Amino acid sequence: MPPERAWRSGRGGAHMRLRGLVRKEFLQILRDPSSIAIAFVMPVVLLLLFGYGVSMDARHVPLAMVVEQPDADTAGLVGAFGNTEYFHPIAMPDMRSAERAMLAGRVSGIVHLRADFSRRLHSAGGAPIQLILNGVDANYARLIQGYVQGVWGAWLTQRARLQGARLPLAVDLQPRVWFNGNFRSRDYLVPGLIVVIMTLIGALLTALVMAREWERGTMEALLVTPVRMREILIGKLIPYFVLGMGGMALSVAMAVWLFQVPLRGSLWVLTLSSALFLGAALGMGLLISITARNQFVAGLLAIITTFLPAFILSGFIFDIGSMPTVVQWITRLMAARYFVAILQTSFLAGDVWPVLLPNALALMGMAVIFLGLSRRRARKRLE
Amino acid sequence: MIVAAAAPAPASGTDLVLRLSGVDKRFGKPPHVVQALHGVDLEVRRGRVTGLIGPDGAGKTTLMRIASGLLTPERGAVQALGFDAARQSLQVQSRVGYMPQRFGLYEDLSVQENLDLYADLQGVAPTARAPRYRELMHMTGLASFTRRLAGRLSGGMKQKLGLACTLVHPPELLLLDEPTVGVDPVSRRELWQIVYRLVREQSMTVLLSTAYLDEAERCAEVILLHEGRVLGHGAPGDFSQPLTGRSFRVTAPDIGKRALQARLGTKPGVVDAVIQGEHVRVVLDAGTAQHPNALPRDLPGATIKPVPPRFEDAFVTMIRGDRPGRPVEVPAMTGAANTDGTVIQVRHLDRRFGDFYAVRDLSFDVRRGEVFGLLGANGAGKSTTFRMLCGLLPASGGRLSVAGVDLRTASATARARIGYMSQKFSLYGNLSVHQNLRFFASAYGLTGRSHRQRIDAALTGFELEGYRDTESQTLPLGYKQRLALACALLHQPDILFLDEPTSGVDPLARREFWARIGALAEGGVTVLVTTHFMEEAEYCDRMAIMAAGRILALGTPEQIKARARGAAKPEPGEETTMEDAFIALIEAAKRQETQTDAA
């Protein structure tokens, strides 16, 4: 066998081919603005948007205050609303203008104190207040309702203490909140975002770059070289795995240092579970690109089957427990769901093995299935 | 049918590099099955250039892909270099070099990085690389461009880089899929020189596919493919030789060349009649060719002269049989009987993209009823010019007017005088022929009786009745082209823009297409057409040859050829083709450039 032939067919050849493919892919990533945008710009934008902009908390909620008969008691109550950071009370002369403000969306609720408020407050039955809420966003409305009750209760308690009387309460509820004691939505949104970002890199970007090779005719040229299909797939996996882990590291760093999200679990658990999730996402991406050979279709498929579920069906924003049973079953097919559970536990609770282990196993299973399927489906043929 | 294919004497086992026997290949699922290859048998022998020749859609690319193991045939056997291409594709692939139609280059990688990638994939030992690269870069003339991104290379340079990448490990069999399509004639000639050198110095075996029939004569052996079947196999001379004494050139200065062609084309005994410069080239059937002088007897002032047959004569005769060409009926186009004069006027037109001039200082006029051609390779600036004329792209500088107005700012009435047919035909693939016509008729604002009448006229005039309810995406390419032209003519425009209208259609459809265009021009329609088929320039009344955004030459085909003859060394007796003229002009321009640089 001539030396060159030996070189080409031996292990050295496989190593050389793989090195060539990986180097090519990295050069392309560096030179392609759209890859850089998806891998680095989009994570930063999403994190900043969710970290600073979007918040599921109610803060400075505009609330119309209609006081029919102002006096010391009503002034105290209105003051109590103003003293919390949750509300921004706006005094309105009558119900009519308050309703108009509500219709126009200038206020999210109306607190109505009737003319007999003070008189009844001092009587045995106690005084009612009327609360009208904009219920379009039901979650938000419930949140405000809770806060209003909180303010109202606190004001009554404080008033009673000042007067030296005890408030007649049947049950004394003393709530304590675990894991996210400050109710900061950022603390669970930012870890969830890491899932979205890694889905983008793992599935969307991978599917797009494979489809691009088909579109530009370079895949055809690759296929007629002595390269194995296995090597082409690994040659795609390695660069995007590195890129995905890079995106993960960037997001974790931003979460911890910029947004002060606590990281209570260990870093190695986070890294390992991220690697498992990325395996599943990359497998999905490759599988899509084997079916769809143009960037438009591949992009749409990736968004519908991976990116949107990562947002909606992962438990990242919407609680899976409160979804209908059928939808809950569907979420079990989404790798993102398991990773969200791991991330939220890892960040907010710590290394809770009974939660981490089953989710990690599920991710591993999905990674094996998707990667195995792409290996089986990928043929060194044009059909 | 002529059997040129007294197939070459059966080659001995070692001499055979590629053999296909009884290969069938289908694509798609019923009811949209396309049979790409029908029982193809062929042999490619060692150490020579074999040309796989046929129009687009003949099955050339499918055949190449089957030979390299990228596709598996439904039936039949494929032996490449002693291996079964379907089952042992990896062995085949480590021994063949295959350049796909789009060259397979990574445009965001530099020349050197592309070479490195393919050297890695082909397993070229690190020590062997430096001398190999040097050799390839020298051969392709890319040595000073190794750091440039492949996407920034010209079409001709991309083609050479693609070739260098497939040659990085010297293959035993080189498969080139339409390497010369869309590349300028100079690069095309250089590619052929490289191919000859590979065969001569390294006794490489080359199978090269092309849609340009005139390239047949450059091959040692030719396999003629048409509609998935092998029509013939032999030396190029074997094909044209039987036609010796049947090809003639008719000249009649008193009759216009189009009228002459139209009259000759319908005469009994004439198999083929095409315009060639100021003459009409005819192929006669065997009987008529005995008495050629009888042919132009009723044509005043006509003379007839025998010429040597060429490959295309043979091809047309083979697929047409000895049936004469049918006369083409052109639906009456009421080219508004305006006064003669200039219809399109272009003065010092520039178009910049960033600091790159796609079109620079362009000036020309097109007169009423004229067929004006813009000729050039991909990237010469034809399409940019075209888009500016149609008002789809603003000019960066200069003036232009079409029918007296700038179409970018023109009213709908001015635009209604324009018909436009794009390269991709712009048809709705999932609508039927009739639905496409109806849609375009409405888009042009035709209503009521005229709407119906124009559609009926188009269906009959373009012989599309048989396909009335066929989805247009399933039409044969020639019919798609007819339909696209019919759509562009529905509103009876008096100016017609045609962007690469004939790319991909077979020579017969092309003849028919040009006959229609000729008839339209006779009827007063002004036609502006772009093409990269040098030979099609012969159909134009006047033309501009473009290269790198500038006009190299402007005039009638004869004038341009004469100018080129002046520029090149005149070779008496040799007929100058448009391609020779193009190459001479480009080289003259280059010489001038270097002289100016030196001065």
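The legends below accompany close-up views of a predicted model.

**View 1. Domains of chain A and chain B in the predicted model**. Chain A is divided into domain 1, which takes in residues 17-54 together with 184-377, and domain 2, which covers 61-162. The C-alpha centres of these two domains of chain A lie 46 Å apart. Chain B is divided into domain 1 (13-236), domain 2 (245-307) and domain 3 (342-557), and the C-alpha centres of domain 1 of chain B and domain 2 of chain B are separated by 39 Å.

**View 2. The side of chain B that touches chain A**. Contact between the chains involves 27 residues of chain B and 27 residues of chain A. On the chain B side, helix 2 (89-93) and helix 3 (111-121) each supply at least two residues, and helix 3 of chain B gives the most, with six residues. Sorted by class, this side of chain B has 12 nonpolar, nine polar and six charged residues.

**View 3. An open sheet of six strands in chain B**. The strands follow the order 19-20-21-17-22-23, and their pairing is mixed. Strand 19 (418-421) and strand 23 (550-555) of chain B are the edge strands, each of them pairing on one side only. Neighbouring strands of this sheet are turned against each other by 15 degrees on average, with direction ignored. At one edge, strand 19 of chain B pairs with strand 20 (residues 495-499) of chain B in the parallel sense over four bridges, and Gly419(B) stands opposite Leu496(B) of strand 20. Helix 15 (residues 507-522) of chain B lies across strand 17 (371-375), strand 20 and strand 21 (526-531) of chain B, and runs at about 150 degrees to strand 21.

**View 4. Nonpolar cores, with Ile545(B) and its contacts**. In soluble globular proteins, nonpolar side chains tend to be buried together. The largest nonpolar core of this model holds 251 residues, of which Val195(A), Val527(B) and Ile545(B) touch the most other members. Helix 8 (residues 185-215) of chain A gives the most to this core, with 19 residues. Leaving aside residues up to four places away in sequence, Ile545(B) touches Leu375(B), Gly376(B), Ile551(B), Leu552(B), Ala553(B), Ile560(B), Phe582(B) and Leu585(B). A second, separate core has 22 residues, including Phe87(A), Val107(A), Leu113(A) and Phe117(A).

**View 5. Surroundings of Gly192(A) in helix 8 of chain A**. Gly192(A) counts as buried because 21 other C-beta atoms lie within 10 Å, where the cut-off for a buried residue is 20 or more. Not counting residues up to four places away in sequence, Gly192(A) touches Phe316(A), Val340(A), Leu343(A) and Gln344(A). Arg332(A) is 140 residues from Gly192(A) in sequence, and the two residues are 17 Å apart in space, C-alpha to C-alpha.

**View 6. Surroundings of Val343(B) in strand 15 (residues 342-353) of chain B**. With 23 other C-beta atoms within 10 Å, Val343(B) is therefore classed as buried. Among residues over four places away in sequence, Val343(B) touches Val366(B), Arg367(B), Arg368(B), Ala403(B), Ile495(B) and Thr526(B). The C-alpha atoms of Val343(B) and Asp365(B) are separated by 7.5 Å, and these residues are 22 apart along the chain.

**View 7. Positive phi values at Gln260(A) and Glu227(B)**. Most residues other than glycine have a negative phi. Gln260(A), although not a glycine, has a positive phi of about 55 degrees, and this residue is found in the loop between helix 10 (229-258) and helix 11 (267-291) of chain A. Gln260(A) counts as exposed because it has 12 C-beta neighbours inside 10 Å, the class of exposed residues being defined by 12 or fewer. In chain B, phi of Glu227(B) is near 50 degrees, again a positive value in a residue other than glycine. Glu227(B) lies in the loop between strand 9 (221-226) and strand 10 (229-234) of chain B, and is partly exposed, with 17 other C-beta atoms within 10 Å.

How values were computed. Residues numbered from 1 in each chain as written. Chains lettered and ligands numbered in written order. Predicted model: local features only at pLDDT ≥ 70, side-chain atom pairs only at ≥ 80, totals over all residues. Pairing = 2+ DSSP bridges. Axes fitted to C-alpha atoms, helices over the stretch in contact; angles between N-to-C directions. Contact = placed C-beta atoms within 7 Å. Nonpolar A, V, L, I, M, F, W, Y, C, P; charged D, E, K, R; others polar. Domains from an automatic or database assignment. Core = buried A, V, L, I, M, F, W, Y, C linked by C-beta atoms within 7 Å.
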